[in-house]
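The exercises below are meant to be worked with the sequence and the 3D structure open side by side. Please try each task before reading the solution that follows it.

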Amino acid sequence: MSTLLQVMDVTKVYKNQPKPGLDHVSFEVEKGEFLGIMGASGSGKTTLLNVLSTIDIPTSGHIVMGKTHIEKLGQGQAADFRKNNLGFIFQEYFLLDSLTVRENIAVPLTLLHKPAKEIDKKVKELVELFGIDSQLKKYPSELSGGQRQRVAAARAMVKRPPLIFADEPTGALDSSSATELLTALTEVNHTLGTTILMVTHDPYAASYTDRILYFKDGHIISELQRHNAERRRFYEAIMQESARQDEKR
Amino acid sequence: MNLATIALKNLKRNFSFYSLYLVSVSFVLMIYFCFTSFSMNEVIMEKISSDGRVEMMCSVVAVFIMAFVVFYMFYSNNFFMRRRMKELGIYALLGYRKGDMLRLLTIENIFVCLGGMFAGILAGSLLHIGITAGIVALLGLTIDMGAIPFINPQAVSSIFLFILAVLLTLTLSNAGLLLKSTLLDLVRLEKKVEKPVRPNIVLSVIGIIALLGGYALALDMVRGAQSVWTTIGFYPIALLTLVLVVVGTVLTIYSFVPFVCQCIKNRHSVLYRENTIIVAPKFMHRIRSNAKSLILLILLVAGTLSVFGATTLSVWYPYRAVERIIPSAIEYRVEDEQLNKQALEALAEGLNGQEYQVQETNLLKITASSDRLPDEYSISSEGVRTPGFECMRLSDYDTLLNSQGKESSISELSDTECVLVKYRPDPENSDVGAVYHLDIGNGVSTDVTVVQTTLDNPIGFANSVATLLVSDQLYQNIESGQPEKITVVSINGGMTRSDGTAYTILKNTMPDNIYLASAWQRQTEIIQLNSSTYLLIAFATIIFLIATGSILYFQNLSAVTYDRDDYNILQRMGYNKNMIKRCVRRQIQIYFVIPYVIGMLHSIFAIICYKSALMDDVLGQAGEVILPIALAVGIFSIVYFIYYEVTKYSCYKAAMN
């Protein structure tokens with residue numbers, strides 16, 4: 001596997017904050033990897049996601065994706081970069097209330113100026129993949145939480161971005177909806193080879209990933225590899241690691 | 001912390017948001033105070049109103065202004081309430097009772113109303129003094145400006161009582177809203193999801209047909225005596241037209257516009273564009289709640305433009321018509337040769353050295369018979385004129401027209417031909433080809449055929465109607481029969497048209513000559529008689545303009561503020577700032593363009609109807625209507641555009657925050 005994203009010595013300092021949000025963080029993400037980021041509140045997970053996804057700028061360090069130095073992009077270039085390379089899934093779904101399911105999923109492709117026929121075809125593929133093909137004409141307000149999150153996931157995937165950021169995607173879902181979504185994400189990761197970077201504090205959600213980076217006070221404090229283990233075994237390993245970290249508090 | 005402190009802190013924190021509300025309330029109250037001061041200004045009323053007409057108009061306009069101020073403040077207050085529902089929900093969660101919240105809102109309203117009132121009184125007083133000075137200068141009145149108080153105490157008590165009434169209305173409205181809202185409503189109302197609109201094709205078609213029907217009826221007025229306005233009756237048709245236009249507008253907005261949106265949504269090749277996919281569904285999604293505002297805006301735009309257009313037309317048209325009614329700068333009929341000589345000598349002395357031309361024209365009054373005698377032949381005003389033609393020599397006609405700075409379009413006439421000067425335009429040329437048997441005295445008659453008609457009358461209608469232009473030879477033949485002769489003196493050139501000196505000299509010399517007419521005097525009279533009316537209409541127009549602009553502003557700002565999260569999502573998805581701005585702009589443009597286009601169409605048809613029904617058309621040039629209407633539309637469009645730019649700027653800020 002080749003490297004998709006390189007994070008080198010990244011630091012993010014906020015004004016009027018005594019401690020940095022990220023403190024000399026370095027790691028790499030392989031193409032097609034499903035990476036989990038775990039940590040307590042305030043550990044730097046969301047800050048990391050923001051700087052990696054060009055929503056925020058790091059104070060120092062380098063973030064390289066392909067040949068692009070993300071930290072050097074201007075506002076317009078950053079918007080183009082997000083448009084072409086990134087997909088997002090958020091805990092709050094962030095669907096556009098006034099657009100139907102079909103329109104919500106079509107927006108990223110519209111932005112890439114794809115022809116209408118191609119957009120319709122791709123939307124159809126994705127809604128079938130996520131099991132929401134009967135909801136195409138509905139508005140987000142007419143859907144359940146799980147269905148909304150699947151729409152959000154379909155929207156993130158539809159343009160086949162090399163990298164998807166998922167910020168607590170199961171945070172607002174019941175357990176069966178969460179399982180459905182995580183299974184769908186794993187399937188997309190395996191079948192389409194999409195790289196996923198998921199921030200979560202839920203060990204169950206994290207057990208679907210290939211590797212987990214643990215954050216504390218802006219640092220990576222440990223790393224857990226799945227090594228093709230069964231999900232249930234990996235879940236136990238995550239629970240043990242969590243217990244070990246609790247003892248160190 | 002007590003409620004007053006919270007209210008004050010709230011106003012301070014949201015100053016940029018409230019400042020516009022405060023400024024617009026101050027502006028509205030400035031207009032109210034200026035108007036009240038004006039209508040209570042006894043010094044000026046004494047001078048411009050002798051029959052109580054202006055006072056009556058003042059009371060009518062006052063009702064409009066008061067209704068608007070109440071409506072405007074009610075509207076703005078509801079806008080702010082909607083925006084603050086979540087905040088009120090938090091107060092409720094903290095244990096505030098509804099009574100406490102109502103008091104908090106009332107205290108805030110008192111701050112805003114009092115601030116607006118003080119600013120309004122100051123600015124309104126200044127505006128009132130300015131307007132009074134303008135009227136005094138325009139009408140040349142002699143009044144003591146010092147006798148007019150800067151701040152009229154009566155007007156102050158009036159505005160104070162009015163503000164109390166407005167506050168009471170707002171408090172009752174807020175109380176009603178709070179009473180019927182549960183805690184859940186308060187927390188959730190701000191983001192309540194609307195039921196989508198289902199377009200109805202039948203109602204859309206009915207709406208369009210009703211609108212077209214209303215327009216067709218308005219246009220039918222142009223047909224004059226043959227129109228349904230005359231054959232069926234003015235009032236029933238006026239009522240029918242109004243109902244058709246209003247019903248058409250309502251159905252178009254509720255059904256046709258959503259229908260068009262639905263069509264766009266169904267055509268994916270159109271929908272899948274970076275702006276359309278956001279703007280069209282958003283508009284569609286919200287049209288139910290905004291339909292009422294759109295209808296109100298359309299009617300306001302139509303009302304503003306109609307009133308404004310009709311006013312400019314009413315000022316412009318009579319002013320321009322003076323060119324036909326009194327084509328020379330000054331003219332009069334010679335009733336006494338001696339007096340005429342004295343008058344001209346006095347004029348020469350008074351205008352000492354100034355350049356001007358005097359021309360005497362003789363008109364021969366004769367009767368005629370024909371089966372196609374024109375309407376002008378028997379025009380009579382209170383028995384002053386007897387039926388007949390007034391014949392004029394073609395060479396006199398050419399000379400007189402030249403001295404008025406015009407070119408004659410008639411080259412030559414034979415002894416059996418004549419040209420008829422028309423009073424009103426006759427596009428069908430119904431008189432051309434008519435044969436008149438002119439009675440030239442001693443029982444002899446001669447036949448002439450009308451070869452042409454003209455609207456270029458060289459002599460005013462007070463001195464000659466049914467002027468017949470004949471060849472010099474025929475004129476001589478008629479003259480030999482010794483018919484009644486009318487001598488008209490026309491004075492042109494120099495400053496005689498733009499200045500009143502020459503007219504005043506002649507009027508002093510011939511005070512009893514009822515035929516003495518002056519273009520300057522007529523134009524001054526038009527301004528003097530109508531200035532107060534126009535001023536009051538200007539007040540009403542300004543009020544309409546503010547109403548339209550402010551509703552557009554708050555409507556759009558509220559919509560964009562509501563959508564702020566959506567713009568945030570779009571930015572994350574890769575929409576750059578310019579794309580977001582474009583989306584915001586398109587969204588605003590829909591709300592500005594629909595009322596502008598439909599309102600303008602309504603008003604154009606209304607003005608055509610008004611012109612045909614109530615204005616005496618003597619100019620016969622369609623172009624004369626275009627300029628005043630273009631002026632009204634131009635001024636309105638400039639103000640509308642300024643509102644658009646301000647709204648756009650505020651919405652960009654709201655979306656990007």
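**Exercise 1. Determine what share of chain A is buried, and describe the overall build of that chain.**

Step 1. Buried residues make up 47% of the 249 residues in chain A, where a residue is called buried if 20 or more other C-beta atoms lie within 10 Å of its own, exposed if 12 or fewer do, and partly exposed in between, with C-beta atoms placed from the backbone. Before going further, note that this is a predicted model, in which local features need pLDDT of at least 70 and side-chain atom pairs count only at pLDDT 80 or more, while totals for chains, interfaces and linings use all residues. Residues are numbered from 1 along each chain as its sequence is written, and chains are lettered from A and ligands numbered from 1 in the order in which they are written.

Step 2. Chain A has eight helices and 10 strands, these being DSSP runs numbered from the N terminus, with helices (H or I) of at least four residues and strands (E) of at least two. The radius of gyration of chain A is 18 Å, close to the 18 Å that the globule rule gives for 249 residues, so chain A is as compact as a globular protein of that length; the radius is taken over C-alpha atoms, and the rule is 2.2 Å times the number of residues to the power 0.38.

Step 3. Along the principal axes, the C-alpha atoms of chain A fill a box of roughly 50 × 45 × 35 Å. Of the contacts in chain A between residues at least 6 apart in sequence, 69% join residues at least 24 apart, a contact meaning that the C-beta atoms, placed from the backbone, lie within 7 Å.

**Exercise 2. Work out the strand order of the six-stranded open sheet in chain A, and place β3(A) within it.**

Step 1. The order is β6-β7-β8-β3-β9-β10 (chain A), with mixed pairing, and two strands pair if DSSP finds at least two bridges between them. Because β6 (86-90) and β10 (219-225) of chain A each have a single partner strand, they stand at the edges, and one side of each is left without a neighbour in the sheet. Neighbouring strands of this sheet are turned by 20° against each other on average, direction ignored.

Step 2. Strand β3(A) runs parallel to β8 (residues 195-199) of chain A, to which four bridges join it, and Phe34(A) stands opposite Ile196(A) there. Five bridges join β3(A) to β9 (residues 211-216) of chain A, again in a parallel arrangement; Leu35(A) stands opposite Arg211(A), and the bridge partner of Gly39(A) is Phe215(A).

Step 3. Helix α8 (residues 231-248) of chain A packs on the sheet, touching β9 and β10 of chain A, and its direction makes about 150° with that of β10(A); such angles run from 0 to 180 degrees between N-to-C directions, with axes fitted to C-alpha atoms, for helices over the stretch in contact.

Step 4. Six of the six residues of β3 (residues 34-39) of chain A are buried. Phe34(A), Gly36(A) and Met38(A) point one way from the strand, and Leu35(A), Ile37(A) and Gly39(A) the other way.

**Exercise 3. Compare the surroundings of Tyr93(A) and Asn228(A): which is buried and which is exposed?**

Step 1. Most residues other than glycine have a negative phi. Phi of Tyr93(A), however, is near 70°, and Asn228(A) has a positive phi of about 60°.

Step 2. Tyr93(A) lies in the loop between β6 and α3 of chain A and is buried, with 22 other C-beta atoms within 10 Å. Asn228(A) lies in the loop between β10 and α8 of chain A and counts as exposed, with 7 C-beta neighbours inside 10 Å.

**Exercise 4. Describe the side of chain A that touches chain B.**

Step 1. In total, 24 residues of chain A are in contact with 20 residues of chain B. The elements of chain A that give two or more residues to this side are α2 (75-85), α3 (101-111) and α4 (116-129).

Step 2. The residues on this side of chain A divide into 13 nonpolar, five polar and six charged, where Ala, Val, Leu, Ile, Met, Phe, Trp, Tyr, Cys and Pro count as nonpolar, Asp, Glu, Lys and Arg as charged, and the others, Gly among them, as polar.

Key: Contact = placed C-beta atoms within 7 Å.
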